Amino acid sequence: GDIQGCYAEFIKLLNKIEFNSNLDTLYLVGDLVNRGPESLKVLQWVYKNQDSVIVVLGNHDIYLLGRYAKVLKQNSPDQIEQILKASDAEKLIDYLRSCPLIYEATDFVLSHAGIYPKINYYQLLNSANEINQLLKKKDYGSFIERIYGNKPNEWHCSLSEIKQLRFIINATTRMRYLDSSTFSLDFKHKGELDNAPSHLTPWFKVEGDSSLNKKVIFGHWAALGFYQDDKCIGIDTGCGWGNKLTAINLDSLELTQVNALTNN
């Protein structure tokens, strides 16, 4: 689940599941940084263990890339100055730029916020791969500057290429609720399912394109808490908000959690 700079809890959870970097693969659903106090330590650990770790980018990770490239301004109190000033910042940022938006395994798909249900999955995957290549380029900052924003929040095949890529980034890193009639992304409501306005539906309750036949593992939605159905597993349990950090064994589906050490 979303670590968000909660390094102490992250290490405690790894010890609890007896993670062995020589034997195991650790999948991280993005948002490695920001709310917690030790984002730099989280990134350094992931970089050191990158041969046994697979990361997909979250919205806070892309925000960090934009801040490092000096194309985004600080939009709220954050915990990333320590990364920007670190002596090893460049190699950590370069590593993060190499991480995908979507990771596809044999039995599951990893995406920070989920898989938008009203696009052919393979078209979505191709666009996500294109974004990954653009983030690897030297001028990645100008690309981030162009894709930041809430519009368009409704998908049309007639959208320009840059607007399509902006929508894909928002769908894979920021999506929670969709409008029930237009299937547009709603960025306002972030709360629990029981409190959702009647015109909104969580993305995973919308009938998906038949091209996707794998379970989706996602994070991002702290208010949702741990969620599991036959199509997806949500594992952001709000450690950065003082709740829990969660891991799930993808072989056995065994759940392991640790409590946040402080209210970050």
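Visitor: Okay, I've got the angle classes: under 35 degrees counts as roughly parallel, over 145 as roughly antiparallel, 65 to 115 as roughly perpendicular, and the rest as oblique. How are α1 and α2 set relative to each other?

Guide: Keep in mind that this is a predicted model. Helix α1 (residues 7-16) and helix α2 (residues 39-48) pack at about 40°, and their axes are 8 Å apart. An angle of about 40° falls in none of the named ranges, so the two helices are oblique to each other.

Visitor: Nice. Which residues meet there?

Guide: From α1 you have Y7, F10, I11 and L14, and these meet K41, V42 and W45 of α2. Sorted by class, this contact has 6 nonpolar residues, no polar ones and 1 charged.

Visitor: What else does α2 pack against?

Guide: Its buried residues are S39, L40, V42, L43, W45 and V46. Besides α1, they pack against β1 (26-28), β2 (53-55), α3 (59-68), α4 (81-84) and α5 (89-97).

Visitor: V46 is in that list. Which residues touch the most other members of the largest nonpolar core?

Guide: V46 is one of them, together with L28, L32, I102, Y116 and W203. That core has 77 residues.

Visitor: And what does Y116 contact?

Guide: Not counting neighbours within four places in sequence, Y116 is in contact with L124, W155, F167, A171, M175, L178, F183 and L185. Apart from that largest core there is another one, of 9 residues, including V56, A105, F108 and I233.

Visitor: Let's follow F108. Which way does its strand point its side chains?

Guide: F108 sits in strand β4 (residues 108-111), where F108 and L110 point one way while V109 and S111 point the other. Each of these four is buried. As a rule, side chains in a regular strand alternate between the two faces of the sheet.

Visitor: Which strands pair with β4, and in what sense?

Guide: Strand β3 (residues 102-104) pairs with β4 in the antiparallel sense over 3 bridges, and a hairpin of 3 residues joins the two. Within that pairing, Y103 has L110 as its bridge partner. With strand β8 (residues 215-218), β4 pairs in the parallel sense, over 3 bridges, and there F108 stands opposite K215.

Visitor: What's the strand order in the whole sheet?

Guide: The order is β3-β4-β8-β10-β9, in an open sheet of 5 strands with mixed pairing. β3 and β9 (227-228) are at the edges with a single partner strand each, so each has one side without a neighbour in the sheet. Helix α6 (residues 121-136) packs on this sheet and touches β3 and β4, its direction making about 120° with that of β3.

Visitor: Switching topic: T173, buried or exposed?

Guide: T173 belongs to helix α8 (residues 161-173). The cut-off for buried is under 20% relative accessible area, and T173 has 1%, so it is buried.

Visitor: What does T173 touch?

Guide: Leaving out residues up to four places away in sequence, T173 touches L57, G58, N59, I62, L101, H112, A113 and H220. T173 and H220 are 47 residues apart in sequence, and their C-alpha atoms are 7.4 Å apart in space.

Note on methods. Residues are numbered from 1 along each chain as its sequence is written. This is a predicted model: local features need pLDDT of at least 70, side-chain atom pairs count only at pLDDT 80 or more; totals for chains, interfaces and linings use all residues. Side-chain values use heavy atoms; hydrogens and water are left out. Axes are lines fitted to C-alpha atoms, for helices over the stretch in contact, and angles run from 0 to 180 degrees between N-to-C directions. Contact means heavy atoms within 4.5 Å. Ala, Val, Leu, Ile, Met, Phe, Trp, Tyr, Cys and Pro count as nonpolar, Asp, Glu, Lys and Arg as charged, and the others, Gly among them, as polar. A nonpolar core is a set of buried Ala, Val, Leu, Ile, Met, Phe, Trp, Tyr and Cys residues joined through side-chain atoms within 4.5 Å. Buried means under 20% relative accessible area, exposed over 50%, partly exposed in between (1.4 Å probe, protein chains only). Two strands pair if DSSP finds at least two bridges between them.
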